[in-house]
Amino acid sequence: MQSILSPYQLGAVTLTSRIAMAPMTRARAKDLKPDTLTATYYAQRASAGLIITEGIAISRQARGAIYIPGIYTADQIDAWKQVTAAVHAKGGIIFAQLWHVGRAGHVSHNDGQPPVGPTNERANAKTFAFDADGNGTMLPQSTPRQLRADEMDGLVEDYAEAARAAMAAGFDGVEIHGANGYLIEQFINGALNTRSDSYGGSIENRLRLPLAIIDAVAAAAGPDRTGIRVAPFGRFNDMHAFADEAQTWLAFAQALSTRKLAYLHLSDQESLGADKLSVDFAVEMRRAFGGTVLIAGGFGLESGQAAIDAGRCDLVAIGRPFISNPDLIERYRNGWPVAPFDPSTFYGGEGAEFYTDYPTYPESI
């Protein structure tokens, strides 16, 4: 059995442990780019085997909530350079999570333009947006505009350009966000994507755009520096069950296996209201993919080790404990207590409070 705290060769990079810091939205980018506190926040957590950033919008159209950073302007790329430099100075490895929310957005995010997706069906879900008075609040997602077939190549290029931007900003790799009911999952989901063209209907057609995006990103960043996050059987953002659901996800994993990506990231969405991803299906996905599999979903040190021992995964992503424990890995290695987290402090906020002011264990005693 391999220890969860042992090194691991992930594609082109060597990790100091098998624990990744999961991507977590913090909604701190008031001007749509990271600042010096963001650099401090990630650098404080650089002892994670791998840091996967919060979702980063690949374009203005891709945005799904207020105060989310992007990577589509020169200023944003320069701002991310200070983040990657700070992490690397602490010996860390950091991947940028590339994000397009698809229909899961609001007209206030894109100068009054509707979000886009595989259909014009509005999700029965909410997002953090600006109301008519300019105040940030939870609002129903807007009715989307259905993407035309002739827009797909441009969308793929947006992803490729974001991957090139991430590498120019100094990231060690990229993760494509294909989970949580966002753009890629919207195309994969057979209950939502009932298009009659070559991008909908059959499994092959529903996978066409996701695979084109993956190929373009892998060409830009390198397949051994590219991962993808998916959430089989996820129900977040109004995703519904469909007849060939298991078959679709396994077909996707098999298609990914030929691309020799750095990893496949499985998100268990039990904490978001979905059924727990079964151990058997996780093993099936790992077998179909044939490469490194990372799993996220409420893990800690012992449960993460058990998942690795059971053959469900090679790496484990841990999220919320990293917020209140910048030195989480050191706490695990030394048997130090783990500080509790407070979900009410996760999103938004000003200054260092609940962001970079959490003490390490030695500082707390």
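Which strand does β11 pair with, in which sense, and over how many bridges? I looked this up before anything else: strand β11 (residues 226–230) pairs with strand β12 (residues 263–267) in the parallel sense, over 4 bridges. I count two strands as paired if DSSP finds at least two bridges between them.

**Entry: ground rules.** I note that this is a predicted model, in which local features need pLDDT of at least 70 and side-chain atom pairs count only at pLDDT 80 or more, while totals for chains, interfaces and linings use all residues. Residues are numbered from 1 along each chain as its sequence is written, and side-chain values use heavy atoms, with hydrogens and water left out. The helices (H or I, at least four residues) and strands (E, at least two) that I name are DSSP runs, numbered from the N terminus.

**Entry: the barrel.** I followed the strand pairing around and found that 8 strands close into a barrel with parallel pairing, in the order β3-β4-β5-β10-β11-β12-β13-β14. From one strand to the next the twist averages 25°, where axes are lines fitted to C-alpha atoms and angles run from 0 to 180 degrees between N-to-C directions. Between β11 and β12, I find G227 standing opposite Y263 of β12.

**Entry: strand β10.** I then turned to β10 (residues 173–178) and its two partners. Strand β5 (residues 94–99) pairs with β10 in the parallel sense over 4 bridges, and F95 stands opposite G173 of β10. Towards β11, which runs parallel to β10, I find 5 bridges, and the bridge partner of I176 in β11 is I228. I checked the cover of β10 as well, taking buried as under 20% relative accessible area, exposed as over 50%, and partly exposed as in between (1.4 Å probe, protein chains only). By that rule 6 of the 6 residues of β10 are buried. In a regular strand the side chains alternate between the two faces of the sheet. In β10, G173, E175 and H177 point one way, whereas V174, I176 and G178 point the other way, and all are buried.

**Entry: helix α2.** I compared the length of α2 (residues 74–89) with expectation: its 16 residues reach 23 Å from the first C-alpha to the last, close to the 22 Å expected at 1.5 Å a residue, the expected span being 1.5 Å times one less than the number of residues. The buried residues of α2 are Q76, I77, A79, W80, V83, T84, A86 and V87. An α-helix has 3.6 residues a turn, so residues three or four places apart point the same way. What covers the buried residues of α2 includes α1 (36–44), β4 (50–57), β5 and α3 (152–168), with contact meaning heavy atoms within 4.5 Å. Just after α2, I see that G91 takes a positive phi of about 85°.

**Entry: aromatic rings.** A search of the whole structure gave me 11 aromatic pairs; rings of Phe, Tyr and Trp (its six-membered ring) pair if their centres lie within 6.5 Å, and planes under 30 degrees apart count as stacked, over 60 as edge-to-face and the rest as tilted. W80 and F171 form a tilted pair, at 5.6 Å centre to centre and with 55° between the planes. This pair links distant parts of the chain, 91 residues apart, with W80 in helix α2 and F171 in the loop between α3 and β10. Both W80 and F171 are buried. I also noted one aromatic cluster formed by Y41, Y42 and Y355.

**Entry: P69.** Is P69 buried or exposed? P69 counts as buried because its relative accessible area is 1%. I place P69 in the loop between β4 and α2. Leaving aside residues up to four places away in sequence, P69 touches A29, L32, K33, P34, E54, G55, I56, A57 and W80.

**Entry: positive phi outside glycine.** N180, in the loop between β10 and α4 (183–188), has a positive phi of about 65° although it is not a glycine. N180 counts as buried because its relative accessibility is 11%. D238, in the loop between β11 and α7 (245–257), likewise has a positive phi of about 65° without being a glycine. At 18% relative accessibility, D238 also counts as buried.

**Entry: Q247.** My last look-up was Q247, which lies in helix α7 and counts as exposed because its relative accessibility is 51%. The C-alpha atoms of Q247 and I203 are separated by 8.5 Å, and these residues are 44 apart along the chain.
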